[in-house]
Amino acid sequence: MGAFVEVHWRRAQASTALRPRRCHCHAGPIIHRAMDMPPAPATLTVLDTDCRSLAAVALMLHDAPGDTLHYVALLGSGESTWLQSLAADLASAHWSQELQRQWPLVQGPGIHQLPLLPGRLHLTVGLGDPQSCLQQLRLQADRVLLNDWDTDLGRPKALTRCCRRGTTVHAPIDWLQASEAQRSLWHQAGFRATAGAVQWDPPWDIKTSREPWRSYATAPGQCMVVGAGIAGAAVAAALARRGWQVQVLDSHAHPAGGASGLPVGLAAPYVTADDSPLARLTRHGVRLLMQHARTLLQSGRDWAPSGVQERSTGDNASDHWQPQACWIRPAALVQAWLQTPGVQFVPNSAGHHLHHDGADWQVCDAHNQILAQGQRVVLSNAAGATTVLGQSTEWPDALAQWPTTHTVRGLVSWGTHQQPETRPFPTVPLHGSGSLIAHVPFGHEERWFVGASYQPVTARETEWPDDKNHGANALRLEKLAPELFAALTPELEAGALQAWKGQRCVTADRMPLLGPVAPGLPDVWACAGFGSRGLSLVALCAELLAAQWSGEPWPLDASLAEALLPSRKKTSGKPSATVAP
Ligand SMILES: Cc1cc2nc3c(=O)[nH]c(=O)nc-3n(C[C@H](O)[C@H](O)[C@H](O)COP(=O)(O)OP(=O)(O)OC[C@H]3O[C@@H](n4cnc5c(N)ncnc54)[C@H](O)[C@@H]3O)c2cc1C
């Protein structure tokens, strides 16, 4: 059954009203919705309890250049095909192609975000049971679109988590036609009907103690990011795109001087039988990383959407082909992200401790000289975050809830291809208890990489010699590609392999740290602890942090975001010395 959605969008304080937009959609009632737009240019966040008005509202972006639309829709799982047909119907809209490309990559119930026109049109969908999705959504909507005042989302109170004071609610049926009982429920939840609009304007204070995330959002200003690895660069770019002026400090003279100097790495979803939080995070994260790579990097040189052949590790996953995976040279992405207008890289600046001068945060060096100052600071300096917090003696509690992190050394073994190459290198990357990336162009030659050894740093054990690391990587290669291992044995025995070494910062539960470092320090954030999966996770974590600071819809389930907080429940457990988990 076909129907029309018609949206009337009036721009407040503007001389010209925006034209009403009418769009065909495949199912559902005929809907007329009238909404006031804030003065241009504006960011508008719309929560639609289905997705019927997306096309009409998004088409208005044509009439309103400079506006940004965050469109959040709750879709029952059965409705996902509807979105696909919408994209096909609207083939002429420049964002529909992106929708068609990204939508098939969205997997599993929960919250997913699709940046359709980065900076202009972002679609966030809740897939599956709408009430559960509503619980997992975090946003402060300007407009809420309902199908009926008798919403099937549970009590109106459930919607308030997605509202800010002043959010207006729109439904095709006039408020006065709602039953007395329904109106009373809305009233009890803090909604008021005034001058033709229904607004959330509760007579009580909206307490941030119960919902601390409400205090994360602030107007853009100056901020500092400590650490110019892939985490710091991702955060800086995500914030700068939202209007922040970001100084990125690093103790090295150049960016990517730590683990992100890795010559090449794999980004692939981590698969577990129970679809663990880490598995879900990596699935979101790789999709987002590949989108950044596609727009910022040169395919075939800096990265390739290669897919990966997963080899069974015996414990969690069987052999399978994973198309949503890539190899990537992290330093190239770091450079690209640091080029974002609004980002300034500050080399040779080792942050020692933090100080607050009453107005601003300052990052100071070991001689108490101020390196940079601003409203907020993000510690993206891997294991160095713990050190900086420990040295910030004005806040003895800063480390009280900070999880223990471990440093784990690693070495990647690499070699150069022969011309012509006669050895049986696989055409695609292999991944299991290690990884083999067989074809990476470096200038005029092609290199292969196998890794990575995993040696937790302890007081008792000294750093392994390179030979021992190469030996550990040879064992990985033997499991991943036995024929290639046999062909390479003379080279391995002759000690002809090259090495790249680095250190990972690993948390006990293998989840990164993202959020305020301690409840008493709301303007000091961490984005660190990426262990062996930084490439798969940083784009998502940076987007989450920037969404939280801007009051935008979060790109994933709130429960996943909460599992990243440095103040989360502590897990014990040290990394094992053999396999990167
Ligand atoms: C051998 C090896 C192989 C790996 N393979 C993969 C892989 O295939 N796939 C994958 O996803 N991940 C892989 N990883 C992990 C990945 O490299 C990391 O997760 C990621 O690079 C971490 O990025 P980061 O920005 O958090 O840390 P880093 O890149 O280490 O950046 C931290 C930065 O902070 C700076 N810094 C530290 N202290 C201070 C201070 N006090 N003041 C100023 N600056 C400071 C450092 O100089 C550094 O530049 C591998 C890691 C290793 C070691």
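The domain bounds used on this tour come from an automatic or database domain assignment. With those bounds, the shell around the ligand draws at least three residues from each of domain 2 (218-405 + 507-562) and domain 3 (407-503). Please keep in mind that this is a predicted model.

**Stop 1: the ligand and its shell**

Select the ligand and the residues around it. Which of the 38 residues around the ligand come nearest? They are Asp250, His252, Ser260, Leu266 and Gly351. Now colour the shell by class: you should find 16 nonpolar, 19 polar and three charged residues.

Next, show the helices and strands. Two helices, α6 (230-240) and α12 (534-550), each supply at least two residues of the shell around the ligand. The strands β14 (265-267), β24 (405-416) and β29 (498-507) each do so too. Of the elements in view, β29 gives the largest share of the shell, with four residues.

**Stop 2: backbone contacts of the ligand**

Stay with the ligand and display the backbone atoms beside it. Select glycine 351: one of its polar backbone atoms is 2.8 Å from a nitrogen atom of the ligand. Then go to leucine 535, where a polar backbone atom is 2.9 Å from an oxygen atom of the ligand. Isoleucine 230 is another place to look, with a polar backbone atom 3.1 Å from a ligand oxygen atom. How much of the ligand's exposed area does the protein bury? Taken alone, the ligand exposes 1000 Å², and the protein buries 91% of that.

**Stop 3: two cis peptide bonds**

Most residues other than glycine have a negative phi, and most peptide bonds are trans. The residues at this stop and the next are worth a look with that in mind.

Select glutamine 419 and proline 420. The peptide bond from glutamine 419 to proline 420 is cis, and its omega is near -5°. Proline 420 sits in the loop between β24 and β25 (430-432).

Move on to glycine 451 and alanine 452, which are joined by a cis peptide bond with omega of about -10°. To place alanine 452, find the loop between β27 (445-451) and β28 (455-456).

**Stop 4: two positive phi angles**

Select aspartate 275, which is not a glycine and yet has a positive phi of about 45°. Look for aspartate 275 in the loop between β14 and α7 (277-296). Is aspartate 275 buried or exposed? With a relative accessible area of 32%, aspartate 275 is partly exposed.

Now select alanine 382, another residue that is not a glycine but has a positive phi, here about 50°. Alanine 382 belongs to the loop between β23 (376-379) and α9 (384-391). Alanine 382 is partly exposed, because its relative accessible area is 37%, and the partly exposed range runs between 20% and 50%.

**Stop 5: salt bridges**

How many salt bridges does the structure hold? There are 20 of them, and a few make good viewing.

Begin with glutamate 180 and arginine 183, a salt bridge whose closest N and O atoms are 3.5 Å apart. Both residues lie in helix α5 (residues 180-188), three residues apart, which is about one turn of the helix. Glutamate 180 counts as exposed, at 62% relative accessibility.

Next, select aspartate 523 and arginine 376, where the closest N and O atoms of the salt bridge are 2.9 Å apart. This pair links distant parts of the chain, 147 residues apart: aspartate 523 is in the loop between β30 (513-516) and β31 (524-528), and arginine 376 is in strand β23. Aspartate 523 is partly exposed at 25%, whereas arginine 376 counts as buried at 4% relative accessibility.

Then bring up arginine 423 and glutamate 491, whose salt bridge has its closest N and O atoms 2.5 Å apart. Arginine 423 lies in the loop between β24 and β25 and glutamate 491 in helix α11 (residues 482-493), so this salt bridge ties together parts that are 68 residues apart in sequence. Arginine 423 counts as buried, at 10% relative accessibility, while glutamate 491 is partly exposed, with a relative accessible area of 21%.

For the last selection, choose Arg241, Arg242, Glu543 and Glu552 together: salt bridges that share partners join these residues into one network.

Key. Residues are numbered from 1 along each chain as its sequence is written. This is a predicted model: local features need pLDDT of at least 70, side-chain atom pairs count only at pLDDT 80 or more; totals for chains, interfaces and linings use all residues. Side-chain values use heavy atoms; hydrogens and water are left out. A residue is near a molecule or strand if one of its heavy atoms lies within 4 Å of it. A polar contact is a pair of N or O atoms within 3.5 Å; within protein, one must be able to donate a hydrogen and the other to accept it, and residues adjacent in sequence count only if both atoms are side-chain atoms. Accessible areas come from the Shrake-Rupley method with a 1.4 Å probe; for residues, only the protein chains shown count as cover. Ala, Val, Leu, Ile, Met, Phe, Trp, Tyr, Cys and Pro count as nonpolar, Asp, Glu, Lys and Arg as charged, and the others, Gly among them, as polar. Buried means under 20% relative accessible area, exposed over 50%, partly exposed in between (1.4 Å probe, protein chains only). A salt bridge is a side-chain nitrogen of Lys or Arg within 4 Å of a carboxyl oxygen of Asp or Glu.
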